[in-house]
Amino acid sequence: MRTKYTSLLFLIFFTLILFRANSQKAWFKPDTLTVVTAKGQKLVNPWAGGLNASQFLKMHLNNDADEDLVVYDRTNSKVTTFLAAADPSKPAKKTFVHAPYYETLFPSADNWIILADYNGDGLKDLFTSTSLGITVYKQVKVANAWTFKLMQDALYTKGFSGNINLQVSGTDIPGITDIDDDGDLDLLAFDFSGTFIELHQNLSIEKFSVPDSLGNQKAPVFQRNGDCWGNFHKGDNEDFVFGEDCGVASNLGGRVMHAGNSIVLQDLNGDGKKDLLVGHVSNEHISLITNSKAGIVGDFVSFTNIYPTVNPVSMHIFPAAFLEDVDFDGVKDLLIAPSVPSNDVNQTDFKSSGWFYHNAGTTIKPDFKLSQKNFLQDQMLDVGENSAPTFFDIDGDGDLDMLIGTGGTPVAGGFKGSLWLLRNEGTSTEPKFTVESEDYLGLLSALAIYNIKPQWADFNGDGIEDLGFAATSLANLKMEYRYIPNKAAAGVPAQLNIADAVTIIMPSESLTGDSPYFYDTDGDGDLDLLVGKGQGNIYYYTNTGTNKQFTFKLETDAFAGVGISFAGRSPQLAVSDFDLDGLADLATVDHTGNVRIFHGAEWGKWTEREDQFVQINGKGSAVGFGNYLSLAIGDLNGDRKPDLAIGSNSGGIRLLTNVLPVTITGVEPPAAGDFKAYPNPASSHFKILSSKSGDLQVFNLNGQQYLADRSITAFRETEISTSNWPAGLYLVVLQSGETKVVKKIITGR
């Protein structure tokens, strides 16, 4: 007769072989298809990741006739790509559909990107900010595939005192356009005081009769032309002063202006002369500055801050303008978003920060009409900022629901965070989420907190998972941790009341911005603590007390070898058995934008670290998901393999489905006298198959009973739910007559 463990050991051995063989292949693929409904509407791009400070640009991503949409978010240095495609709900109409593959073709960028064809080949190239000034990538296309090739680390210009880097303030968005219509791209940028516009004229056509030269430090093709451009300068507040002699420097005195400007050059009144749309860091409005001359000189004579004249732009800080056709009528529309790296004094609602004005006129004589203030955001999960997901079967129907902690939004009483509830109205194998509440449990009125990071765990040791959450207090700006006891039994809807919340006293060295994660690391029945720190390292504490009285002992300040790292700051953590070897592994996300998994050995002694496992063209790759990320684990499709949800400071969620080439199925029928519990480890449930009938009981290692006298019928598979059990090791006891058989099984979400 085979031993009781033959099938299980074979499964684990086979799994490990596959894992080793596929360590640089795809473990996860982006999920863009799982359905989410909000306010009765099926979202087109639910998992696109959210948007905050958007920069809207168009280029051909695929090979059809329509230009597609590229959005760069300044708050998380992340590109999001959308294909022009048929609207799923209205096939005759076009819309923009999230296509994450193309994001991987873009280089990393800071502050801003501009897509413009500098070499006249019909393909848009990429300009972006760098500490050296401006970096340029050429789009290279071979057959139907394209890439960006680095052409210039820094552009140079001939200034008044020699050849220098063509610098643009990191807070600005320059104008890169053909000002004199000679076929090469010139550059406009405000000086570092934010007062004057500088013109750096491209002399590629004049020198070489072709537009494709970028020059170099010894021989730049850009040249500073004049002391300023347009015969005006930025005044105090939101005004502009005209009649400036741009051939002579002027000391204006007055208050010091702050740099931070955006520039769009476009004929906006149909007179054949290119006007300016200017945003400024200290302004709430977009300024239209009217040009009276065509060509390279430019002479601006008037301005208005009431633009458009109907429903004019009015944002808390630094609105930036973009002109692109986004409603497929062939006419450029107006798009507005705040050009900020973060939420300035928390007065911006990042759920609604992309204003779209439909152009009812023409591109050179527009008639902009405000259409919406949440362009693209209304078709994706976007909680504002700093989304932090977690999974739990909240309604007790056997599938996983999603809870999302939010960074916060401006509301009555200040900037406050809340919990969003997405109820799974599908099944355990095919989830379909509905946004049921944007203030689950009423946290907005009950607590003055923001940056909420939830986690389900058994905080009070009663065998039922409770809802814990870290948050920053508005009162003292310090990090606090609470849990709400779940008073429901396992397998029924959660019973939570914010009035019952219990505060956990965190270690004395805890700081605002820390990311706590609770997990029973030593199997003693109480929760230990991992903390991702702002400076990049991971603190590991064991709990030497109990779940009733937490007492944290610091074991290391560089857990798993993760030490202080500026690039990898603010790691967020989650624990699961990713390689299916029965041992807990660690996943991290941090400021690099990458997900990493530590695995291959027992707790804290991991020998493997994976970061190239997201499926891109069938291969495992390292993918950047933005900045200040969060992480949640859950088996969303019932295949008993952990899937990932990634939140970010842009307020959305990226969903990754586990595609490891391992199938976990039922095992062979038991031989006489045999008794099987599988899969092991278990995720949301395990199954029992026995050759004898009997009664089943389950205990944890502390002797606490989780299942009592469940009847088992011989040769009939019985499923046991573990969705509300804390992760850990359990003893499964089958009493059949006078015979008692014990199995060990590991559960973990």
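E8, E34 and E35 are strands that each supply at least two residues of the lining of the second largest pocket. The model described here is predicted.

**The second largest pocket**

The volume of the second largest pocket is about 800 Å³. Its lining is made up of 38 residues, and Glu385, Asn386, Asn451, Tyr628 and Asn649 are the closest to the centre. By class, 21 of the lining residues are polar, twelve are nonpolar and five are charged. Strand E34 gives the most to this lining, with four residues.

**The sheet that holds E34 and E35**

Strands E34 and E35 belong to an open sheet of four strands, in the order E34-E35-E36-E37, with antiparallel pairing. Strand E34 (449-457) and strand E37 (502-503) each have a single partner strand and stand at the edges, so one side of each has no neighbour in the sheet. E34 is joined to strand E35 (residues 466-473) by seven bridges, and the two run antiparallel. Within this pairing, Ala457 is placed opposite Asp466 of E35.

**Strand E29 and its partners**

Is strand E29 (residues 401-405) mostly covered or mostly uncovered? E29 is mostly covered, since five of its five residues are buried. Asp401, Leu403 and Gly405 point to one side of E29, while Met402 and Ile404 point the other way; all of these are buried. As a general point, side chains in a regular strand alternate between the two faces of the sheet.

E29 has an antiparallel pairing with strand E28 (residues 388-392), made through five bridges. Here Pro389 has Ile404 of E29 as its bridge partner. E29 also pairs with strand E32 (residues 419-424), again in the antiparallel sense, over four bridges. In that case the bridge partner of Gly405 is Leu419 in E32.

The strand pairings described so far are set out below.

| Strand pair | Bridges | Sense | Paired residues |
|---|---|---|---|
| E34 and E35 | seven bridges | antiparallel | Ala457 and Asp466 |
| E28 and E29 | five bridges | antiparallel | Pro389 and Ile404 |
| E29 and E32 | four bridges | antiparallel | Gly405 and Leu419 |

**Nonpolar cores**

The largest nonpolar core has 35 residues, and Phe127, Ile134 and Leu376 are those with the most contacts inside it. Two or more residues of this core come from each of strand E5 (68-73), E6, strand E8 (110-116), strand E10 (133-142), strand E15 (186-190), strand E24 (319-324) and strand E25 (333-338). E8 gives the most to the core, with three residues. E8 is also among the strands that supply at least two residues of the lining of the second largest pocket.

What does Phe127 touch, leaving aside its neighbours within four places in sequence? Its contacts are Trp112, Ile113, Ile114, Ala116, Tyr118, Ile134, Thr135, Val136, Leu155, Ile176 and Leu185. One of these, Ile134, is itself named with Phe127 among the residues that have the most contacts inside the core.

A second core, separate from this one, has 34 residues, including Ile538, Ile616, Phe625 and Leu629.

**Cavities**

How many cavities of 30 Å³ or more does a search of the whole structure find? The search finds three. The largest cavity holds about 100 Å³ of space. Its lining consists of 17 residues, and those nearest its centre are Gly49, Asn76, Phe625, Ser648 and Ser650. Phe625 is also a member of the second core. Strand E6 (78-87), strand E49 (643-647) and strand E50 (653-658) each supply at least two residues of this lining. E6 also gives two or more residues to the largest nonpolar core. Of the residues lining the largest cavity, eight are polar, six are nonpolar and three are charged.

**Two single residues**

Thr95 lies in strand E7 (residues 90-98). Its relative accessibility is 18%, and because the cut-off for buried is under 20%, Thr95 counts as buried. Not counting residues up to four places away in sequence, Thr95 touches Val44, Leu83, Ala84, Ala85, Ala86, Asp87, Pro88 and Phe328.

Val411 belongs to strand E30 (residues 409-411). Why does Val411 count as partly exposed? Its relative accessibility is 32%, which lies between the limits of 20% and 50%, so Val411 is placed in that class. Leaving aside neighbours within four places in sequence, Val411 is in contact with Lys416 and Leu444. Val411 and Leu444 are 33 residues apart along the chain, and their C-alpha atoms are separated by 8.6 Å.

Conventions:
Residues numbered from 1 in each chain as written. Predicted model: local features only at pLDDT ≥ 70, side-chain atom pairs only at ≥ 80, totals over all residues. Heavy atoms only, no water. 1 Å grid on protein atoms, 1.4 Å probe; cavity = no way out; pocket = protein on both sides within 12 Å on 5 of 7 lines; lining within 4 Å. Points joined across faces, edges and corners; volume = space filled by probe spheres on them. Nonpolar A, V, L, I, M, F, W, Y, C, P; charged D, E, K, R; others polar. Pairing = 2+ DSSP bridges. Buried < 20%, exposed > 50% of the residue type's maximum accessible area, 1.4 Å probe, protein only. Core = buried A, V, L, I, M, F, W, Y, C linked by side-chain atoms within 4.5 Å. Contact = heavy atoms within 4.5 Å.
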